[in-house]
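Reader: I should like to learn how the packing of two helices is read from a model. Where should one begin?

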Amino acid sequence: MKLKIGIIEDIHEDGIKLLENQPDFDYEIIKNISKDNLIKRLPEFDAITLRNIPLGIDILPYCKKLKVVSRHGVGFDNVDTKFLKENNIKLLITASANAVAVAEHVMFMILNISKGKTLYDNAVRSGDFRSKVFKNETFELSNKHVLIIGFGRIGKNLIKKLKGFDMKVSVYDPFIESNTIESFGGTKIENLDNVLSDIDIFTIHTPLNSKTKNLITLDRLNKMKKNTVIINTARGGIINENDLDKALNDNIIFAAGLDVFEKEPPNLNNPLLKNNKVLLSPHSATFTKECSSRMSIQAVQNIIDFFKKKIDDYMVVKL
Ligand SMILES: NC(=O)c1ccc[n+]([C@@H]2O[C@H](COP(=O)([O-])OP(=O)(O)OC[C@H]3O[C@@H](n4cnc5c(N)ncnc54)[C@H](O)[C@@H]3O)[C@@H](O)[C@H]2O)c1
């Protein structure tokens, strides 16, 4: 009998093509992601791909045949890993698909903010060709000091791009040896609090967990320089949103770039959505056509490899 794969929410067509004509697998795309529908439908699947919707204890006990969850992405804070471990359900991630796109998104945010976001474009369109462009609102990246918080797949890809802009790069990641960081041209920071007042740009690349939630609060923001820029493409909640909004409004720091939010989609009355010191994107760092294709293929290939007992360890989360 064929194994059944549930594709929860649409994925790029390249991943679906891979599933067509597979002799050992049937698949179905589940577009209705209401809890009721998932409880009704998921019991029939041996494997699922999962984007960002929560997969918790309210749904998982109904997944009686489930042997593997294949994340379309690398973060897994939306999955109840305790339940998976206790029930011997494997968790796979698209480990080699995402880093380039996210690192490029960070560069997009840093460059955009450094050039005043839409300042120049607005100036030309509004006929203000000569005056606004000379305002002191833009800055160079060269020689600025960046702190990468979390030096995994994305942090390691990003550092090459930052060094290409002649930036000084330090890294805060208690789990990575200084030798490794130095081999990428960075400097290891042992204590985050000791460097807060030295850094021009912070960029966050840790998972969201009990240690990283509220890693950046008003207490730490207050110790930063006035020209500080913070980029968060990791997960909402690592920077406290209310504190960030206050720090921007009170000119404690200069600007922020956010791809991720504590609640997604964010409420329209979230003050950060109205704060023009913030550059926003809708959790879209991986939405390039190349990365969408890679992630869909890898999420599907991981399931096939898992059942054929040839899954690469790099794709398996150690629960
Ligand atoms: N915006 C997006 O679309 C998007 C896409 C991909 C990944 N992400 C997020 O980015 C995060 C990083 O992705 P990755 O592939 O680089 O992950 P990774 O697992 O390769 O790297 C994470 C790094 O964070 C470090 N770390 C863990 N706890 C830390 C702490 N308390 N302080 C400092 N460092 C800590 C780890 O040692 C590791 O080196 C993911 O967890 C995910 O949530 C977001």
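Author: One begins with handedness: a crossing is right-handed if the near helix is turned clockwise from the far one by less than a right angle, and left-handed if anticlockwise. In this predicted model, the crossing of H4 and H6 is right-handed.

Reader: At what angle do the axes of H4 and H6 cross, and how should that angle be described?

Author: Angles under 35 degrees count as roughly parallel, and those from 65 to 115 as roughly perpendicular. The axes of H4 (residues 99-114) and H6 (residues 153-164) cross at roughly 50° and come within 8 Å; H4 is therefore oblique to H6.

Reader: Which residues make the contact?

Author: An α-helix has 3.6 residues a turn, so residues three or four places apart point the same way. Here H4 contributes Ala-99, Val-100, Val-102, Ala-103, Val-106 and Met-107, while H6 contributes Arg-153, Ile-154, Asn-157, Leu-158 and Lys-161. By character, eight of the contact residues are nonpolar, one is polar and two are charged.

Reader: Which residues of H6 are buried, and against what do they pack?

Author: The buried residues of H6 are Arg-153, Ile-154, Gly-155, Lys-156, Leu-158, Ile-159 and Leu-162. Their packing partners are H4 and the strands S6 (145-149), S7 (168-172) and S9. After H6 comes Asp-166, with a positive phi near 60°.

Reader: Is Lys-211 buried or exposed?

Author: A residue counts as exposed if 12 or fewer other C-beta atoms lie within 10 Å of its own. Lys-211 has 10, and is therefore exposed. Lys-211 belongs to the loop between strand S9 (201-204) and helix H9 (218-221).

How values were computed. Residues numbered from 1 in each chain as written. Predicted model: local features only at pLDDT ≥ 70, side-chain atom pairs only at ≥ 80, totals over all residues. Helix = DSSP H or I, 4+ residues; strand = E, 2+ residues; numbered from the N terminus. Buried ≥ 20, exposed ≤ 12 C-beta atoms within 10 Å, placed from the backbone. Axes fitted to C-alpha atoms, helices over the stretch in contact; angles between N-to-C directions. Parallel < 35°, antiparallel > 145°, perpendicular 65-115°, else oblique. Contact = placed C-beta atoms within 7 Å. Nonpolar A, V, L, I, M, F, W, Y, C, P; charged D, E, K, R; others polar.
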